[in-house]
Amino acid sequence: MCGIVGIVGSTPVGQALYDGLTVIQHRGQDAAGIVTISDNKFRLRKGNGLVKDVFHTRHMLRLQGDIGIGHVRYPTAGTSSSSEAQPFFANSPYGISLAHNGNLTNADQLADWLYNNARRHVNTTSDSELLLNVFAHELQKTDNLDLTPEDIFKAVTNVHRHVRGAYATVALIVGHGMVAFRDPHGIRPLVFGKRETESGTEYMVASESVALDACDFEFIRDVAPGEAIYVTLDGKLHSQQCAQNPTYNPCIFEFVYFARPDSTIDKMSVYGSRVEMGTLLGKKISREWEDDDIDVVIPIPETSCDIALQIAQKLDIPYRQGFVKNRYVGRTFIMPGQAERKKSVRRKLNPIAREFKGKNVLLVDDSIVRGTTSGQIIEMARAAGAKKVYFASAAPEVRFPNVYGIDMPSANELIAHGRELDDICELIGADKLIFQDLDDLITAVGTGNPDIKQFETSVFDGRYITQDIDNDYLEQLNALRNNETKEETDKEADSILEMYNEGSD
């Protein structure tokens, strides 16, 4: 999962881009980047790390210009490389820089097509660089030196014809303006807004509405699936639907875990969705655990706090904050690599013993993915004195890989894959375990926008909305992940050996 921002301003945009990236830092902690345009030249700074660590005063002073885009990244394959930090840029045509949130499902075919037909070289393994080059190739076909909105929209239309998967994209074109577009299924979120200044109207696009709020932009609306937004350098806004059969299929996991609670996606409040998840899960617990002896409901902070509070109210049981979160440790689900995730759980959470000692506790989390984190937290609760530990997941069982930009490409890593409830409960060490029903999750999220008839729910039901995913594709992803994991392990071993040899000298 990644986060993108883009601004066409009437004054320098560097600080606003930085501020926008800071509030969507939760979408990616591996790398960050900003590109601006000044004097018809790209000004680029990107690198591994958090926004506050990548950008220092000396970098911000160089990021001059009234137009720019930014990106925060986490690697979907579980590895990180500074060469794959975004935004990317291509010199031809015009000069284009692009940032992308999502994952392309036909990346191998695109790479072959770009080489054999477009004669374009791709320098990294990132599918975002593929997307950049497909867009650049389509823009190259225009006969106009001065691009028109029609030229832009024709290029995006052809991108949709070539590319499959999930993509919310923002791009800069030197001498022309900013383009933003969303895949025809609307899997990944994208919003835009404006603000009026003394110098004129400014426009901003972002992965989440909270970025607009932080930069004092007025929310206009979500970018529709398949739609492209084009803002010229002089602040003129153009938009057009560029896909033949667009449909709304937003990723439901955005509402479960990724998005900030103060964001609104496709007219649906993330906070409101989570409150409703808690209400429906509380009703299920009341139905199925009639003989429960729960003394207290405790959330695993922070995504599940609103959910757990609703469950406690439905069950008429006290709600307590039993874990203190270290806010300076990243979100464990999106840590690059399983070993790093394991190390981080204990550093991230610390139990308040008095809330556990001698009690039967119901722990509430937004989801259970690999199960490693859940198992360690249950161990912590028992060590703090809990008599019994029950566990509730606000999401259904995650049984299938995600191919649209979330770090779950291997079914073997998912604790619920091929297992039933009792098996999962035993593996994580809980006394009892309950999951949200998928229909209830869809109801909870969809309440905010009845016009959306179908969500992207493949991690729960194995139905891939792009209809291009088969077992061969999933096996290929699994093999790729295993190879990259082995490479990372080998690098780590080599590093340890090198340090040992230096010490021996």
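A salt bridge here is a side-chain nitrogen of Lys or Arg within 4 Å of a carboxyl oxygen of Asp or Glu. A search of the whole structure on that basis finds 25 salt bridges.

This is a predicted model, in which local features need pLDDT of at least 70 and side-chain atom pairs count only at pLDDT 80 or more, while totals for chains, interfaces and linings use all residues. Residues are numbered from 1 along each chain as its sequence is written, and side-chain values use heavy atoms, with hydrogens and water left out.

**Exercise 1. A salt bridge across the chain**

Task: Find the salt bridge of Asp-437 and Lys-284, then place both residues and classify their exposure.

Solution:
- Step 1. The closest N and O atoms of Asp-437 and Lys-284 are 2.8 Å apart.
- Step 2. This pair links distant parts of the chain, 153 residues apart: Lys-284 lies in helix 9 (residues 270–288), and Asp-437 in the loop between strand 21 (432–435) and helix 14 (438–446). Helices (H or I, at least four residues) and strands (E, at least two) are DSSP runs, numbered from the N terminus.
- Step 3. For exposure, buried means under 20% relative accessible area, exposed over 50%, and partly exposed in between (1.4 Å probe, protein chains only). Lys-284 is therefore buried at 7%, and Asp-437 is partly exposed at 30%.

**Exercise 2. Two more bridges and a network**

Task: Compare the surroundings of the salt bridge of Lys-141 and Glu-138 with those of Asp-234 and Lys-236.

Solution:
- Step 1. Lys-141 and Glu-138 have their closest N and O atoms 3.1 Å apart, and Glu-138 is buried, with a relative accessible area of 4%.
- Step 2. Asp-234 and Lys-236 meet at 3.1 Å, N to O. Here Asp-234 is exposed at 55%, whereas Lys-236 is partly exposed at 48%.
- Step 3. Now turn to a network of salt bridges, which links Arg-27, Arg-188, Glu-208 and Glu-254.

**Exercise 3. Aromatic rings**

Task: Describe the geometry and the setting of the pair Phe-135 and Phe-181.

Solution:
- Step 1. Rings of Phe, Tyr and Trp (its six-membered ring) pair if their centres lie within 6.5 Å; planes under 30 degrees apart count as stacked, over 60 as edge-to-face and the rest as tilted. By this rule the count comes to twelve aromatic pairs.
- Step 2. In the pair of Phe-135 and Phe-181, the centres are 5.8 Å apart and the planes stand at 50 degrees, which makes the pair tilted.
- Step 3. The two residues are 46 apart along the chain, with Phe-135 in helix 5 (residues 127–140) and Phe-181 in strand 8 (residues 177–182). Phe-135 is buried at 0% relative accessibility, and Phe-181 is buried at 0% as well.
- Step 4. To round this off, pick out one aromatic cluster, formed by Tyr-74, Phe-253, Tyr-257, Phe-258 and Phe-460.

**Exercise 4. A covered helix**

Task: How many residues of helix 1 are buried, and which are they?

Solution:
- Step 1. Helix 1 spans residues 14–23, and seven of its ten residues are buried, leaving the helix mostly covered.
- Step 2. The buried ones are Gly-14, Ala-16, Leu-17, Tyr-18, Gly-20, Leu-21 and Val-23.

**Exercise 5. A loop residue**

Task: Locate Asp-66 and state how far its C-alpha atom is from that of Ser-209.

Solution:
- Step 1. Asp-66 sits in the loop between helix 3 (57–62) and strand 4 (67–73), and is partly exposed at 33% relative accessibility.
- Step 2. The C-alpha atoms of Asp-66 and Ser-209 are separated by 21 Å, the residues being 143 apart along the chain.
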